[in-house]
Amino acid sequence: MPAMHERMSFRAVLPLAAALSAFAAAPAAAAPAGGLVDGQVAVVNGRAITFSEVVRDVPLHAEALRAEGAAPEGAEALFRAAFRRALDEAEERVLVLQKYEQGEMRLPEHAVDRYAAETLQSRYGGNLQELQRQLAARGETYAEWREGLQERMIVMSMRQTFVDGHAAVSPNEIAAAYEARKAEFSRPARMHLRVVSVPAADTNAVAAFAARLAAGEGFGAVAADLAPGQDGDYGFVGADNALAPIFMDAASALADGASAGPLELAGKAYFLHRIESEGAKTIPLAEAWETLRSDLLAARRRELFKAWTGHLRAAASIRETLPWKE
């Protein structure tokens, strides 16, 4: 049955305002602590989801909205949009876990223990005390943390069984994607540049640098002598690089192996050396194949997962009690 939306009267309206205020002040920081505001925001087939369960994932979804260019204006609007996504994800997780409980497949305890040990090592350097300190700071026990890892494993396993294993893309789809995204696999002509600078006010050093280059001395030797400690290697740059126009214009007029300068900019005198050039290039389909295939498979898996959880939603009883109207 479809979800039913109701207003909810929270025990603490002021803490909710504090959560929104904290999010506005530091939207990319960690979510407000779990105990700041709590209350039931959804019930999925009898299983309650609390505000604190959802709000911890709001910053991640806010960043995703920004990356997609879909973030609404204003901190509160962004918070609500990210909260909506986080709640949808929490509801899907519960539906998948309930589907797991209805089946016969079970994860062995030793697999969960191994995953917990690997997570402890990779995230906390194997330091159990540091993990426990961070858990205590957010009001979570080790048992709850381990249960969260177990649920994550279950969701990954169920997704692999019911979704990912059925995702496929055809060669024709990959070829079509290549044509649609060809600009991404095209590269303009590029120049390998080395750029060093000396203070413009040091007229003796500027003049000496220019004179030694004019005399045919190697750029590297002059740079090592008059601009020591500078790497100066800009790598390959082209029209798609954000290089100062004064540099691009001078470098474009050079032949490979030639130098230019001094070019004054922001109190410094710059000298350029064009090492070598590469012509414009389009990466062929064969080289782009795996990248395109991976992108298409990921998109297909997301589509299938949404369709699968959509069927689970249609057969579920979901009641939402958000603290605001949508």
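Start by selecting β2, residues 40-44. In this predicted model, 4 of the 5 residues of β2 are buried, so the strand is largely enclosed by the rest of the structure. Keep β2 on screen, as the next two stops are its partners.

**The neighbours of β2**

Add β3, residues 47-50. β2 and β3 pair in the antiparallel sense, over 4 bridges. To see one position of this pairing, show V44, which stands opposite R47 of β3. Now look at the link: the hairpin has 2 residues between the strands, and N45 takes a positive phi near 50°.

Next, select β10, residues 318-322. β10 also runs antiparallel to β2, and 3 bridges join the two. Which residue of β10 is the bridge partner of A42? Show E320 together with A42 and you have the pair.

**Into the core**

From here, switch to side chains. The largest nonpolar core holds 33 residues. Good ones to pick out are V41, I49, V54, F83 and L87, which have the most contacts inside this core. To colour the core by element, use those that give two or more residues to it: β2, α2 (51-55), α3 (58-68), α4 (75-102), α7 (142-162), α12 (285-314) and β10. Which of them gives the most? That is α4, with 12 residues.

Apart from this core lies another one, of 12 residues. Select M191, V195, V237 and L243, which are among its members.

**Rings and charges**

Now bring up the aromatic side chains. There are 11 aromatic pairs in the model. For one of them, zoom in on Y142 and W145: their ring centres are 5.4 Å apart and their planes meet at 45°, so this pair is tilted. Both residues belong to helix α7 and are 3 residues apart, about one turn of the helix. Is each of the two buried or exposed? Y142 has 36% relative accessibility and counts as partly exposed, whereas W145, at 6%, counts as buried.

For a group of rings, select F51, F79, F83 and W324, which form one aromatic cluster. F83 should be familiar by now, being among the residues with the most contacts inside the largest core.

Two arginines are worth a look next. The charged end of R106 sits over the ring of Y100, at 4.7 Å from the ring centre. Over the ring of F305 you will find the charged end of R159, 4.2 Å from the centre.

**Zooming out**

Return to a cartoon view of the whole chain. The secondary structure comes to 12 helices and 10 strands. Of the 326 residues, 34% are buried. If you draw a contact map beside the viewer, take the contacts between residues at least 6 apart in sequence: 71% of these join residues at least 24 apart.

**Colour by confidence**

Finally, colour by pLDDT. The chain has a mean of 84, and 88% of its residues reach 70 or more. Where are the extremes among the elements? Strand β1 (residues 4-7) has the lowest mean, 40, and helix α8 (residues 171-180) the highest, 95.

Two stretches deserve a selection of their own. Over residues 1-22 pLDDT stays under 50, and the model has 45 contacts beyond four places in sequence for them. Residues 24-37 likewise stay under 50, with 22 such contacts. Where pLDDT is low, predicted coordinates should not be read in detail.

Notes
Residues are numbered from 1 along each chain as its sequence is written. This is a predicted model: local features need pLDDT of at least 70, side-chain atom pairs count only at pLDDT 80 or more; totals for chains, interfaces and linings use all residues. Side-chain values use heavy atoms; hydrogens and water are left out. A nonpolar core is a set of buried Ala, Val, Leu, Ile, Met, Phe, Trp, Tyr and Cys residues joined through side-chain atoms within 4.5 Å. Buried means under 20% relative accessible area, exposed over 50%, partly exposed in between (1.4 Å probe, protein chains only). pLDDT is the predictor's confidence in each residue, from 0 to 100. Contact means heavy atoms within 4.5 Å. Two strands pair if DSSP finds at least two bridges between them. Rings of Phe, Tyr and Trp (its six-membered ring) pair if their centres lie within 6.5 Å; planes under 30 degrees apart count as stacked, over 60 as edge-to-face and the rest as tilted. A charge sits over a ring if NZ of Lys or CZ of Arg is within 6 Å of the ring centre and within 35 degrees of the ring normal.
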